[in-house]
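Could you walk me through how this chain is folded? I would like a friendly tour of its sheets and of the helices around them.

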Amino acid sequence: MSATISPLAPKKYPKMPEIDGVRMATAEAGIKYRGRTDVLVMAFDEGTQVAGVFTKSKCPSAPVDFCRDNLAGGKARLLVVNSGNANAFTGKKGRETTALTGKAGAKAAGCSAGEVFLASTGVIGEPLDAGRFSHLLEGMVKAARPGFWQEAASAIMTTDTYPKVATATVQIDGVDVTINGIAKGAGMIAPDMATMLSFIATDAPIAAPVLQALLSGGVGKTFNAITVDSDTSTSDTLLLFATGAAEKRGAPRIEAVKDPRLAAFKRGLGKVLKSLALQVVRDGEGARKQVEVTVTGAKSSRSARRIALSIANSPLVKTAVAGEDANWGRVVMAVGKAGEPADRDLLSIWFGDNRLAHQGERDASYSEEATSAYMKQDEIRIRADLGIGRGKATVWTCDLTKEYVAINGDYRS
């Protein structure tokens, strides 16, 4: 955790309501950090359904493999998360650690190891000694309590400067249900689901296959539309748990993806996912500005997305934003290198409401003064219109500052 809180941190946090069927506890195991919590458990009531999406990295961590294996069962009783060590690229030792943690978690929660889910975040390539925290799990499960969301979000941080939480209350067939989420992420963030660790819980009675469809559909315009540094983590995990406790209050059990009663829940889930995703961008390592990149007029939405990511991931674009320099030539460069259909002589570029380039050259009415003033804001919007089709996409990133290099230059030390 950084000593300086990001200037883009939330001014206030939402009040996180309790969710029936979820209890949490944190502990200090001293895995890497001293004097702060670094282990989290979430205990779920029997019958809790689970869905998940994970990194597409070809070098996934041992906990990612463990979760993928367990996800097929669709049921969860315990989540164990540690920060400070990713348990990634740790070979046979990594698998032994997840097996041992799964076994200890199952004993603590009184369930099978197939209902335990694990996530680890931190340094890659260092063996993780499960003995550092597995003996704590039983006591943590006993001590776990509801309404512990802020503390839970703090326990999973690495280079994050603030805990990330979000909540929404929606109705299913006239009955209130709550959706709460936490996330961690500041570096090694790029769309390829999931782009960090995030855990979401609801009391809605929704079957695992439906949850999975909602989650897989919800990440496209949220977690898969953010990038801090174009690097996809080995450990990316997003899990959604549904305790079903709202059924006691009259909420119907949802078994079909196309059930019309799901509409408000789907919107609420999307809201929570987007809030958490943007909080990750706003805590990008060394970030001083949030940047929204929109591409319109592309050949297809897929093409627009690729071009938007080319702009958002460009170190030259990101450093120009950091320096408050309206260097739209770098946006032209990023559009041109994306390898997607584009016509130089139809391209238009905006920074905010200021059109800088139009139909392949500098806009005749471009004002350096007005644009320079706009670049001083902490939220910057860049738009490129290709003028060749109807495809559009939006992604979010942050600027690239000297602090990013400082944080990552000595991450292991």
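## A tour of the fold

Let us begin inside a sheet: strand β10 (residues 290–298) and strand β14 (residues 379–385) pair in the parallel sense, over seven bridges. Here two strands count as paired if DSSP finds at least two bridges between them. Within this pair, V293 stands opposite I382 in β14.

Before going further, a word on the model: it is predicted, so local features need pLDDT of at least 70 and side-chain atom pairs count only at pLDDT 80 or more, while totals for chains, interfaces and linings use all residues. Residues are numbered from 1 along each chain as its sequence is written, and side-chain values use heavy atoms, with hydrogens and water left out.

The names come from DSSP runs numbered from the N terminus: helices are H or I runs of at least four residues, and strands are E runs of at least two. By that count the chain has eleven helices and 15 strands. Its radius of gyration, taken over C-alpha atoms, is 22 Å, close to the 22 Å of the globule rule for 413 residues, so the chain is as compact as a globular protein of that length; the rule is 2.2 Å times the number of residues to the power 0.38.

**The sheet with β10 and β14.** Six strands form this open sheet, in the order β13-β12-β11-β14-β10-β15, with mixed pairing. Its edge strands, β13 (361–362) and β15 (391–398), each pair on one side only.

**The other sheet.** Five strands make an open, mixed sheet in the order β3-β9-β8-β7-β6. β3 (49–54) and β6 (164–172) stand at the edges with a single partner strand each, so one side of each has no neighbour in the sheet. From one strand to the next, the twist averages 15°. β3 pairs with strand β9 (residues 237–242) in the antiparallel sense over six bridges, and A51 stands opposite L240 in β9.

**Helices on the sheets.** The table shows which strands each helix touches; contact means heavy atoms within 4.5 Å. Axes are lines fitted to C-alpha atoms, for helices over the stretch in contact, and angles run from 0 to 180 degrees between N-to-C directions.

| Helix | Strands touched | Angle |
|---|---|---|
| α5 (residues 208–218) | β3 and β9 | about 30° to β3 |
| α6 (residues 263–282) | β6, β7, β8 and β9 | about 170° to β6 |
| α8 | β10, β14 and β15 | about 140° to β14 |
| α9 | β11, β12, β13 and β14 | about 130° to β11 |

**Helix against helix.** At what angle do α8 and α9 pack? Helix α8 (residues 315–322) and helix α9 (residues 328–337) meet at about 160°, with their axes 9 Å apart. They are therefore roughly antiparallel to each other; angles under 35 degrees count as roughly parallel, over 145 as roughly antiparallel, 65 to 115 as roughly perpendicular and the rest as oblique. L316, V317, T319 and A320 in α8 meet R330, V331, M333 and A334 in α9. This contact has six nonpolar, one polar and one charged residues. Ala, Val, Leu, Ile, Met, Phe, Trp, Tyr, Cys and Pro count as nonpolar, Asp, Glu, Lys and Arg as charged, and the others, Gly among them, as polar.

Helix α1 (residues 62–71) and helix α2 (residues 91–109) pack at about 50°, their axes 9 Å apart, and are therefore oblique to each other. A62, P63 and F66 of α1 make the contact with G94, R95, T98 and G102 of α2.
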